[in-house]
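I opened this entry to keep track of what I looked up in the model. The notes follow the order in which I went through it.

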Amino acid sequence: MLLRQLEYLVALARERHFARAAAACYVSQPSLSAAIRRLERELDVPIVRRGRRYEGLTPEGEVVLEWAHRILAERDGLRQELSALRGALTGALRLGVVPTALPAASLLTTPFCDRHPRARVVVESLSSADIVQGLSEFELDAAMTYLDDDTLRHMRRLPLYEERYVLLTPVDGPLAGAARAGWAQAAALPLCLLNSRMRNRRIIDECFAADGATAAPAIESDSVAGLYAHLPGGRWSSVVSHAWLHMFGVPEGMRVVPLEGPAHGPRVGLVVARSEPPSVLAEELVKVARGAGVRDALDALLRAHLGGGHG
């Protein structure tokens, strides 16, 4: 059994299409199909349910896929451990990040690269569900996500910060001069928010509801960047997580106004799957995270913006 055959199987299960899997592995489709057939012969079990197109894996194939993920992860771990013994950690750290935590990801990835200049970081923007799957299948080494997810209870979790929500509003808007604003007041403004499929939007909708209001944004986006693209110009307001200020700051002509309660939102943290042996790259990222002071850095940034604002 060749490790390459297992890589082809993992790619096929991920892409669910022979041609796309072959392209992902930089081989021809006949070569990939032939390698998987050889794997079936070597293991003496059917792995792929074949029809006119890819139809999924057999029960035996699901077992082989689980072992393939594990074997390939241990192969990568061996390489990482040997590189660490040589004094220079190498390899690619695969980090999954929920979209609303992406603006703060550099607070971990930059010091990690400073500490390990020969290692690489591959950041993927993923949903919470995709992050759980990626960690379980060893497709990810670590993730930044919300920690109050029951599906993460069997994984190692390191809190990084609690989301704090503030209002971004035009400097000539009705709430620009307020020391604090209520959620119901914010709901009455022309708003641009994330769409309802995003966890962050569902959280702030609960905050609006707690103040007896319902937000009806004129513009919805599925990304933080898309939301921020609409803010310059002085027409729209938005409720944002303070972590987004790290990457996007306060657009010209906007002001940050604190919102009344709750003081803290859900916790965002670093998540690592429990595995033996543990991923060397993931363990190094955990060490970086413990000393990075992410919460303090974001809180200091928020205080600076609240103290000055833009005008």
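Entry 1, a serine. I asked first whether S221 is buried or exposed. Its relative accessible area is 8%. The cut-off for buried is under 20%, so S221 counts as buried. I note here that the model is predicted, and that the values I write down are computed from it.

I then placed S221 in the chain: it belongs to strand β9, which covers residues 219–221. Next I looked up which residues S221 is in contact with, leaving aside neighbours within four places in sequence. They are L193, L194, N195, G226 and L227. For L227 I also have a polar contact: the S221 side chain reaches the backbone nitrogen of L227 at 3.4 Å.

Entry 2, the five-stranded sheet. I wrote down the strand order as β4-β3-β5-β12-β6; the sheet is open and its pairing is mixed. Which strands are at the edges? I found β4 (119–125) and β6 (156–162), each of which pairs on one side only. From one strand to the next, the twist averages 20°.

Within this sheet I checked the pair β5 and β12. Strand β5 takes in residues 142–146 and β12 residues 267–272; the two run antiparallel and are joined by four bridges. As a single example I took A143, whose bridge partner in β12 is V271.

Entry 3, helices on that sheet. I looked up which strands helix α5 (residues 106–115) lies across. They are β3 (91–97), β4, β5, β6 and β12, and the helix runs at about 165° to β4. For helix α6 (residues 128–136) I noted β3, β5 and β12, with the helix running at about 150° to β5.

Entry 4, the three-stranded sheet. This one is also recorded as open, in the order β10-β7-β11, with antiparallel pairing. Why is one side of β10 and of β11 left without a neighbour in the sheet? Strands β10 (238–241) and β11 (254–258) stand at the edges and have a single partner strand each, so there is no neighbour on one side. Direction ignored, neighbouring strands here are turned by 35° against each other on average.

I finished with the pair β7 and β10. Strand β7 (residues 165–170) runs antiparallel to β10, and four bridges join them. Opposite V166 I found V240, in β10.

Technical notes
Residues are numbered from 1 along each chain as its sequence is written. This is a predicted model: local features need pLDDT of at least 70, side-chain atom pairs count only at pLDDT 80 or more; totals for chains, interfaces and linings use all residues. Side-chain values use heavy atoms; hydrogens and water are left out. Two strands pair if DSSP finds at least two bridges between them. Axes are lines fitted to C-alpha atoms, for helices over the stretch in contact, and angles run from 0 to 180 degrees between N-to-C directions. Contact means heavy atoms within 4.5 Å. Buried means under 20% relative accessible area, exposed over 50%, partly exposed in between (1.4 Å probe, protein chains only). A polar contact is a pair of N or O atoms within 3.5 Å; within protein, one must be able to donate a hydrogen and the other to accept it, and residues adjacent in sequence count only if both atoms are side-chain atoms.
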